[in-house]
Amino acid sequence: MGYVRNALATWVLSFAAALVAVPALGAEAGSGLKWAGDFGPPQGAPIHAVLTSPPEVPPATNRFYPAKVIVDLEVIEKQMQISEGVSYTFWTFGGTVPGSFIRVRQGDTVEFHLKNNPANKMPHNIDLHGVTGPGGGAASSFTAPGHESQFTFKALNEGIYVYHCATAPVGMHVANGMYGLILVEPPQGLPKVDHEYYVMQGDFYTSGKYREKGAQAFDMEKAIDERPTYVLFNGAEGSLTGDRAITARTNETVRLFIGNGGPNLVSSFHVIGAIFDRVRNEGGSEIQTNVQTTLIPAGGAASVEFRTKVPGSYVMVDHSIFRAFNKGALAILKVAGEEDKSIYSGKELDSVYLGDRSQPNMNAVSKATAAAAGGRLTLKDQVDAGRDLFAGTCSVCHQGNGEGLSGVFPPLAKSDYLAAQPRRAIDIALHGLNGKVTVNGTEYNSVMPPMNQLNDDEIANILTYVLNSWGNPGGSILTEDVRKVRAGGTTAGGSEH
């Protein structure tokens with residue numbers, strides 16, 4: 001009830017402030033009237049804005065007067081990991097994707113300094129959707145490498161707004177990660193919550209396939225055709241999973257500032273197992289309650305609030321669901337605390353449902369990737385990496401012990417089918433298996449879909465793990481073996497399906 005009363009009081013104060021600030025109808029230009037959000041000149045000494053990297057959010061302004069706020073933001077072009085073993089040259093505001101979170105108060109006068117690092121190769125600027133003025137500041141902030149631009153604006157409208165680069169070609173700059181959020185608090189501030197987090201979705205277009213190892217370049221043709229290789233939260237697959245998941249405890253309030261940098265896709269943002277108590281859809285002033293999934297357009301934002309009630313792993317996804325499980329748009333909120341059987345009696349969500357990048361960590365996969373790159377990959381490296389990947393990809397059907405499901409999915413454990421010809425497992429993984437098959441004397445007639453969303457080394461490591469587990473004969477499947485089968489499109493070592 002206290003949370004509800006606080007929210008209601010905030011709404012009343014916000015409405016009253018808006019009434020005071022809106023000019024009377026029929027007022028003439030130049031008559032000295034104040035526009036909405038103009039609460040007079042800055043008061044007190046200038047303040048340097050606290051900027052934070054995602055998923056952190058700066059502290060509330062806790063001011064009841066407008067101030068002059070100085071924002072210093074540097075553009076940095078840098079190579080970072082976009083997925084395990086996959087690097088990409090991002091263009092960033094502040095060295096992260098999304099860029100630094102900016103927090104000011106409605107009525108503040110913001111002195112904005114945009115710096116373009118001397119090591120950069122491209123000119124950049126910034127368009128803040130919270131700015132009233134040409135280009136949202138873009139017209140005043142075109143900045144060459146090694147230079148700094150400055151402009152000033154008054155934050156007239158409260159809300160959560162996207163900012164992005166608007167230098168031509170605009171789509172390329174945005175697609176390379178040049179976006180972030182600026183929060184303009186209402187004069188009385190936002191209702192207090194226990195946790196605030198910063199999450200932004202973006203779609204990325206690489207020349208290589210999903211999870212193809214090595215350095216990947218931007219693919220303009222894919223971007224124009226709106227065929228993203230990755231759809232990600234906070235610029236990297238797994239950026240908010242495992243050890244990097246955001247956290248809370250039961251009976252705490254959580255506010256997520258969710259942005260969508262685009263450049264192309266609309267997000268259907270959903271937290272599996274939670275219902276949003278309050279949503280400021282499209283970042284505006286209207287509040288919706290009891291929301292399951294909220295649409296966030298490219299170049300748009302929203303804030304969602306909810307109270308955690310039972311412990312577990314809550315999966316944040318773009319509910320255009322193939323983006324979550326096959327392009328990377330998946331993040332985790334881990335909630336700790338006591339169970340409440342009166343609300344939910346079941347167990348925590350199975351990791352096999354969450355996907356491989358939701359595991360507690362992917363250290364074994366990282367180690368195998370590094371070892372392969374250095375020519376030091378061992379059988380143990382493959383088995384350890386394959387175990388982690390199997391848990392999030394295969395065990396939902398084949399079970400964690402390899403026993404399969406009676407009458408439905410054949411066993412992998414002590415499999416005479418695999419022992420007879422281990423390498424045909426490559427063809428099955430790549431192309432699927434449909435129809436009757438006899439394993440350990442029992443006939444099965446089911447469908448295994450192709451797992452061609454996995455890259456060559458992932459398939460190699462998973463199959464090596466299977467061959468060396470549950471009484472199977474052992475052996476190793478190498479990345480080159482998988483690559484040859486994928487290129488040829490034929491069965492590895494026979495056709496006796």
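**Aromatic contacts in close-up**

**View 1. The buried ring of F390 and its partner W470.** F390 is buried in this predicted model, with a relative accessible area of 2%, a value that falls below the 20% limit for that class. F390 and W470 form an aromatic pair whose centres are 5.4 Å apart and whose planes meet at 55°, so the pair counts as tilted, an angle over 60° being needed for edge-to-face. F390 belongs to helix α7 (residues 379-393), whereas W470 lies in the loop between α11 (456-467) and α12 (479-488), so that the contact links distant parts of the chain, 80 residues apart.

**View 2. An edge-to-face pair between two strands.** The model has a count of 15 aromatic pairs, one of which joins F233 and F269 in an edge-to-face arrangement, at 6.1 Å centre to centre and with 85° between the planes. This pair, too, links distant parts of the chain, since F233 is placed in strand β12 (residues 230-233) and F269 in strand β15 (residues 267-272), 36 residues apart. F233 counts as buried because its relative accessibility is 2%, and F269 likewise counts as buried because its relative accessibility is 0%.

**View 3. The aromatic cluster around this pair.** F233 and F269 are joined by F276 and F306 in one aromatic cluster.

**View 4. Arginine side chains over tyrosine rings.** At one site, the charged end of R63 sits over the ring of Y65, at 5.8 Å from the centre of that ring. At another, R424 lies over the face of Y417, and here the distance to the ring centre is 3.7 Å.

How values were computed
Residues numbered from 1 in each chain as written. Predicted model: local features only at pLDDT ≥ 70, side-chain atom pairs only at ≥ 80, totals over all residues. Heavy atoms only, no water. Phe/Tyr/Trp six-rings, centres within 6.5 Å; stacked < 30°, edge-to-face > 60°. Helix = DSSP H or I, 4+ residues; strand = E, 2+ residues; numbered from the N terminus. Buried < 20%, exposed > 50% of the residue type's maximum accessible area, 1.4 Å probe, protein only. Lys NZ or Arg CZ within 6 Å of the ring centre and 35° of its normal.
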